[in-house]
Every structure is written in C-alpha cells, then in structure tokens.
Amino acid sequence: MTDNKQPEISRISDLDLGLVLFIFRKNVIYIVLFYLIALMSALLYIRYQREIYKSSSVVQITNNAGNSQVLNVGKVLETENGLDGVVELMRSRTFLRKSISKLPLQISYFVKGTFKINENYKNSPYKIKDFVVKNKQFYGIPVYLKFKSRDDIEVSYIFNDERKVKVIKNNTLVVFPEVEFKIEIIDYNTIDEIQTNLKKDIYYFVFNNPATMADPYISKLEIIVLNYYAKTLQVSIEDFNARKCADIVNQIAADFINYDVEKKSESAQKTIEFIDKQLVFVSGDLQKFEEQIQEFRKNTKTTGNRDFSATLFVKYDEYQRELISYNDQLERLNDLKTKFKEQDRLDLGNLVFLGGESKLESFIIDRVKYIYTLLDKRDGFLNQATPDHRDIIEINSKIKNEKEELYKNILSIEELMKLELSQKRQNIADIENKISEIPGIEIEFNRLRKLYGINEKFYNTLLNKKAEYSIAIAGFVPQNSILEQAQEPNLPIYPNRNTILAVSVGIATIVSVFTLLIQLLMFNNITSVADIRKYTNLAILGIVPKYKKEIPVSQLLVDKNPKSSISEAFRSIRANLQFLSNESGPKVIAITSSISGEGKTFVAINLAGIIAYAGKKVIVLDLDMRKPKIHIGFEAPNIHGMSTILIGKDKYEDCVQQSALPNLHFITAGPIPPNPSELIISPRMDEFIEELKSQYDIIMIDNPPIGIVSDGIPNIQKADYPIFIFRANYSKKAFFENINHIVTEKNIKNLSVILNGIDNSNNKYGYGYNYGSSYGYGYGYGYGYGYGYGYGYGYYEEEEPPKPSLIKRFFTRS
C-alpha cells in the first residue's frame, strides 16, 4: 500500500470557486439583509438629515478709469483691483458683516420637526417686530411659540436655567426682563395645520447678535478664480436654507460691485473738502490784496497804467510762484515723513499736488498704493491665520522694506528740492536788487499786483480742480460686473442621494465580502470526495446521501424504503467491499470516526441491513460503550450487552437480539462500564469474535470515535474491512491528520472511507458529486456504485424534497 500523503491543511490554499459559491448560497439571506439594512439606513438618513444648499454667482473684475482718466485724476482715485486683493477683500470680516447686515437676518425663524429643523427665511407665517434686546446674553436663545388661537400666543424660553412663559395677544407688545417684542400672525391656517399634525411646540425664533451675525458665514464663503486672464470669480456659500443662500451671495456680489464706486467717491469727496478749505483761505487773501490795491491807488493817485518794468516783475512773479510751490511741497514732504512713521495708511487726498509739474505726485502715490496692496493682502491673511504665520511675516517684511525704500527716496528728493529752493531764492535776491533801483511807488504797486495775481491764479486752479473732481464723482460707474446672478438651488449638495445610496451599497458590499471572506477563511469542513482525495490516499468506499426528512437517531432505513437513494448508496458500498477483499469466510467490519455525530452508527446499522438483504447472516456489535446508540437505532432495550458479555456475566446467546430483518441480529452495548478500554482489548474480546465467526457471515462492529478515545484502534487493526466515516459539512479537514497518523503509526491495512451526509438536491457547489465518476475510476471501486446509482436514479423512489425558497430558487437557477 502506498504511503498516505499528508499535505498541510490550509484554508487559503483550499480556496476554489465552488467553495465560494457554496458559502455565498449559505449566506445569501444575510447578504440580502445587509443590503436591505444599508439601503434603509441610507434612505432614513437622507429623509431626516438636514439639507445643505449651495448657491454661486460669477463676478468679473474690469479696469475702466472713465472720467477720472480724462480729467487726469485717475492716480488719486485708483483702487486696488488685482484678483488677490479682490479675493481678500470679499473674504474680509468687515466686508462680509456689511453685506450680511443688509439682509433680514436679525431674527431667524425655525420650525422644529420630529427629526430635523427647517428655517423659515422670508416665508414665516408670523413675524417679530418692534423688538429690543435688553440683555446681550439673550442673543441666540430660542423663544418658543404656541399659537392657541388666532389671537392668543404662548411665549416661552429658558434663560439662566429659568423657564419664563407668557400668553399674549396678537400684535401686542410682550415685555420680558431680557427682551421685548411684538408678534404679528400672517398666516394662521398654515400655523394651525402644522401644529395639529405634530402636536407640540414646533415654532421658535432666535435673535441674532448684529456684531457676530456674519461670523458663521465666513467659513462657509468660498471664492474661486474661474479665469485668471478674464478676471472672473465664482462666489459661493453654503447654508441650510436655499433661498437665504442665494440672497447672501447676491448681496455680497452687489456690495462688491458698489464698493469700488463708494471707495472712489469717498476719496474724491475728501479731495474736494480739502480744496474747499483752501478756497476759503485764498479767497480771503484775494479780497485783502484787492482792498490794498484800491487803497494804494486812492492814496497815490496811481492808475496802474504806467510801465513799471513789467518784464522784470514778470520774472520776479515767476520765481515767487516757484518758491511758493517748492515751499508747499517741502511742507507736505515733511508732513508725509512724520505721518508715515506713525501710521500705515495715509489719505491719498492729502497727497494731491496742485501743480501738474510736481516731481513727487506720481512717484509717491504709486509707491503708497503698492504698500496699500500689501496691507490689504496682510489684512486678508489675518482673518484666517495668526500674526506668526509664515505668509504674514513675509508680507510684513515686504511692507517694511517698501516703507524704508520710500523714506530714503523722499529724503533724497527733499535734499534735491532744498538745493533748487536755494537757487530760486538766489534768483529772487538778484531780481530784488534790480527792483530796488525802481522808484518806491512803482515797486509797491507791482508788489501788490503781483501778490494779487499769484493768489488769483491759485484760486482759479483750485476752482478748476474742484470742478474736475465733482465731474469725476458724477461720472463714477461700477467697473466690475455680475456675469451670473445666484439662483435659489432646487437640490441640496448634502445629503447627496446618489452618493449616499452608492456609499450604503458599498458598505453593504464590503460587509458582505468581509463576512464571506471570514467564513471562507474559517471554513474547515470536508465537503466532497475531492477533499478526501486531496488529503489522503485511502480508498473511497462510497458516499451516503443526506436524508431529506427528519429521522430518529441512527435508525434502520434500508428496510423501510429499499428503492430510495440511500438504500442504493448502501448497495453500492456493499458491492465495493468485494474489491477490498475477495477471500471466502466470515468477515469483520469495524466502523469508526473522528468524533461523535459523523454517522458511524447510522452507517453500521444500514450497511449491516443492506448486507443482510443479500442473504448474509449479519450481527452488529455496539462497542461504543461510553455513548451507545445501537439500541436506539433498533428501538431495543439495553439491559444486557457487550459489557456484561466481556465481564462474563452473560452469555452472548442471551444478549443477541433480532431486528426486523431475518438475517440481521445485534448486541447492544449494555450498561456503561467504568473501564470500557480494558474490556475491548481483553482476550475475551478476541475469543468472542471467533465464536461469532462460527455463527455469522459478517460481524459489524460499531467502535467508539478514535479521535476522542483510542478504544476502537485494536478492532480497526484486526478487522477485515476497517472503515472510517466522514460527514459532509460536519467533519473537519484537520481530521485527515488524525487518520493519516493512525494509518501510518498503527499500520492499519485496507482502511477505506465512507463520506456520509452528502446533499445532492442541488449538486452543492458544482464539483465532486457525480457519483459514478467522482471517485470510482481513480481507485477501482466505482463500477458497481456508478452503474447502480447513475443509470437507475430515475427508477428509485426518492424522498420528496422540500420546495426551495424563492431566494434559493433564484440563486440556484441554471
């Protein structure tokens, strides 16, 4: 006999498609249940989760200076319109608070359902008016309303762990220590319908703090650059109310469009205010000089028509104007230096120089505006990060460097202007020396006329500038535009029905696969003849199909339905026994298994019965004295038996019992002895077997499971037909290690295997159950069984199988 192969028992290596399908069919109800639970949970989550909506608007940033460029006031009135600056402006807390404050969000109205809360934004069936919040801590406290009738309203809230309740009339003032307000009912029918359905306090409202009202929306605001070159931005916000969501976005977009106009108008207005102040002073000087000229003419009888060396005085006037201009610019320069050290931002209106030939105006305004850009960018970052953030530190460094560079340039320009101012004074001194030679009356008259002319020109210049800025204000139009208004969304972005259903199906799939994988990894049962072939070289004597009906323990069946598939299976086993040993004389068949419950007693009784049907005289011995079952199978008493025979208390003739079959006798185990092992291996046992051989053709021994105790090993070694029983989907693959060990170590010859409990109703999971070919040809034991079962299956009377369930029929359709 060849050596038994002993491969390593591994669940992973045993994986095949048939086993997967078997486990899948076994757990199909649980898998369906997983999917049903997942889908029901998803639908309930979608139904009762509070929806989040998202609304978006598209804004385009344009550069069109308009009248400000035509009138040459653009430098002063320019505002930062770079995309970075715009994004940070719209994200700033100040800008957002200004926009939110224009919407009706001072009071939030809610309807509280069983599972979720809805906000009645602009569609509340009642409204709160004439309210005054006396205690700032009352902001955010829910005030519940119960409408008892069209005119009676119960108001209640909890403040500082104290519940306060009042019943008031419609549209009358209710006064509490923390707040006072009026309630006006707008649609009582809607209120009454909802209250009747839910039957509890479901209406409530909340006073929102104006100082923090915009804070919840800062994190919800999203600004995305759609096209950098086209300068288009998408402004989006998320909220629980679809209508409020669209209103907030549209308000932010509208305020941004008007922001540029407001900013330019504010700058131009400050410039006009500055010019008006200057006009007052210059107008006073003009009036004073005009009175002096008139007084001079009156006293000196001078008409002013004579030539007073006009050319000399024209140059003198020109130098004086330049001197005044340089002095004015130096004063502004000194003022700029002082203020620039003390504060970050300067009013651009105060940097206007009246002379278009100014050397400072263009340069300084350009540099100051660049510093403003950096400051705006830093303010935007400060809304989202701390001052220690790397980006803010970098911007602060740039601002510092720009200010230092600008300050150095101002100092350089100041030195240059002082040199030019010194030169102008020298020129004025030279002309004054020449003028000193002119008669006094002429000098005084020209001096007065010169001062009047200077102030008159200055006055006219101021008037022209004021007119230019006034025209610029009137011509301001928004440079930016709204390309797409925010619309009220119809569907929420969360919960997304398709996404959540897909996730639930995914979770159910993962759980199902995980369950199948765990069961697959943990599955260690013997399922088919193929498993026996894989792990041992023992002869496969046959298989016994699973009985379709509930039967008593180890009952004799072959006599009750001799044409059944079970009866035919035992006939095939009987036929295959001759291939194991064809010698004449009485034979001993010893049957055992690894553990209890594998069907060794059932096989022993029915195999003995089918052999008795063939005319052989058979006796069955119950040597499983610890857990005897032969007497149960034959429904016989167990007063005397093997235990009393082996101890010499009874003769075996007195213990032999007759079964329903004429040639089938049996001896029960008898009373359970304290030492069954010693009785089985005693010499009396061998003598008893020899005695039985003289009376019977076949001696069938039901041994105890050798996987639990070793009592049955001696009988297995001595038997002519040692048979080992496995039960499909019950016996473990690890049992092969035990049987291979016994065959090798105990030197058991001709040990064969019977696979019990095969379910052939649906051919299981597709392999190893074609009885005529699954094991017979490989070992030379299959002809008789294959012929009898394979060709005569339709003739035999089968037990009526139960109708499969709808799910089972679906998954087992071919």
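**Exercise 1. Aromatic pairs**

Task: Decide whether F688 is buried or exposed in this predicted model, and determine which kind of ring pair Y652 and F688 form.

Solution.
Step 1. The relative accessibility of F688 is 0%. Buried means under 20% relative accessible area, so F688 counts as buried.
Step 2. Y652 has a relative accessibility of 9% and therefore also counts as buried.
Step 3. A pair of aromatic rings is described by the distance of the centres and the angle of the planes. For F205 and F207, the centres lie 5.3 Å apart and the planes stand at 85°, which makes this pair edge-to-face. Planes over 60 degrees apart count as edge-to-face.
Step 4. The ring centres of Y652 and F688 are 5.6 Å apart, with the planes at 70°; this pair is therefore edge-to-face.
Step 5. Y652 belongs to helix α20 (residues 652-655) and F688 to helix α22 (residues 683-693), so the pair ties together parts 36 residues apart in sequence.

**Exercise 2. An aromatic cluster**

Task: State which residues form one aromatic cluster, and whether F205 and F207 are buried or exposed.

Solution.
Step 1. One aromatic cluster is formed by F131, F138, Y157, F159, F176, F181, F205 and F207.
Step 2. F205 has a relative accessibility of 0% and counts as buried.
Step 3. F207, with a relative accessible area of 1%, is buried.

**Exercise 3. Charges over rings**

Task: Identify the ring that K617 lies over and the ring that R727 lies over.

Solution.
Step 1. K617 is placed over the face of Y696, 5.1 Å from the ring centre.
Step 2. R727 is placed over the face of Y730, 4.6 Å from the ring centre.

**Exercise 4. The strand β5 and its partners**

Task: Determine which side chains of β5 point to the buried face, and in which sense β5 pairs with β10 and with β6.

Solution.
Step 1. In a regular strand the side chains alternate between the two faces of the sheet.
Step 2. Strand β5 covers residues 143-147, and V143, L145 and F147 point to one face and are buried. Y144 and K146 point to the other face and are not buried.
Step 3. The pairing of β5 with β10 is antiparallel and runs over three bridges. Within this pairing, Y144 faces Y204 of β10.
Step 4. The pairing of β5 with β6 (residues 152-159) is antiparallel as well, over four bridges. Here K146 has E154 as its bridge partner.
Step 5. Four residues make up the hairpin connection from β5 to β6.

**Exercise 5. The surroundings of N208**

Task: Locate N208 and name the residue whose side chain it joins in a polar contact of 2.8 Å.

Solution.
Step 1. N208 sits in the loop that runs between β10 (203-207) and α8 (215-218).
Step 2. The side chain of N208 makes a polar contact of 2.8 Å with the side chain of S108.
Step 3. Leaving aside residues up to four places away in sequence, N208 touches L105, Q106, I107, S108, Y139 and M213.

**Exercise 6. The eight-stranded sheet**

Task: Explain why one side of β14 and of β17 is left without a neighbour in the sheet, and state which strands helix α16 touches.

Solution.
Step 1. Eight strands build an open sheet with mixed pairing, in the order β14-β21-β20-β15-β19-β16-β18-β17.
Step 2. β14 (539-545) and β17 (657-658) are at the edges and have a single partner strand each, so one side of each lacks a neighbour in the sheet.
Step 3. Further in, β16 (residues 618-622) and β19 (residues 698-702) pair in the parallel sense over five bridges. V620 stands opposite M700 of β19.
Step 4. Helix α16 (residues 565-580) packs on the sheet, in contact with β14, β15 (587-593), β20 (721-727) and β21 (752-758). The direction of α16 makes about 170° with that of β14.
Step 5. Helix α17 (residues 600-613) also packs on the sheet; among the strands it touches are β16, β18 (664-667) and β19. The direction of α17 makes about 170° with that of β19.

**Exercise 7. The three-stranded sheet**

Task: Name the edge strands of the sheet β4-β9-β8.

Solution.
Step 1. The three strands form an open sheet with antiparallel pairing.
Step 2. β4 (126-133) and β8 (173-175) are the edge strands, each pairing on one side only.
Step 3. β4 pairs with β9 (residues 179-185) over six bridges, and I128 has I183 in β9 as its bridge partner.

Terms used
Residues are numbered from 1 along each chain as its sequence is written. This is a predicted model: local features need pLDDT of at least 70, side-chain atom pairs count only at pLDDT 80 or more; totals for chains, interfaces and linings use all residues. Side-chain values use heavy atoms; hydrogens and water are left out. Helices (H or I, at least four residues) and strands (E, at least two) are DSSP runs, numbered from the N terminus. A polar contact is a pair of N or O atoms within 3.5 Å; within protein, one must be able to donate a hydrogen and the other to accept it, and residues adjacent in sequence count only if both atoms are side-chain atoms. Contact means heavy atoms within 4.5 Å. Two strands pair if DSSP finds at least two bridges between them. Axes are lines fitted to C-alpha atoms, for helices over the stretch in contact, and angles run from 0 to 180 degrees between N-to-C directions. Buried means under 20% relative accessible area, exposed over 50%, partly exposed in between (1.4 Å probe, protein chains only). Rings of Phe, Tyr and Trp (its six-membered ring) pair if their centres lie within 6.5 Å; planes under 30 degrees apart count as stacked, over 60 as edge-to-face and the rest as tilted. A charge sits over a ring if NZ of Lys or CZ of Arg is within 6 Å of the ring centre and within 35 degrees of the ring normal.
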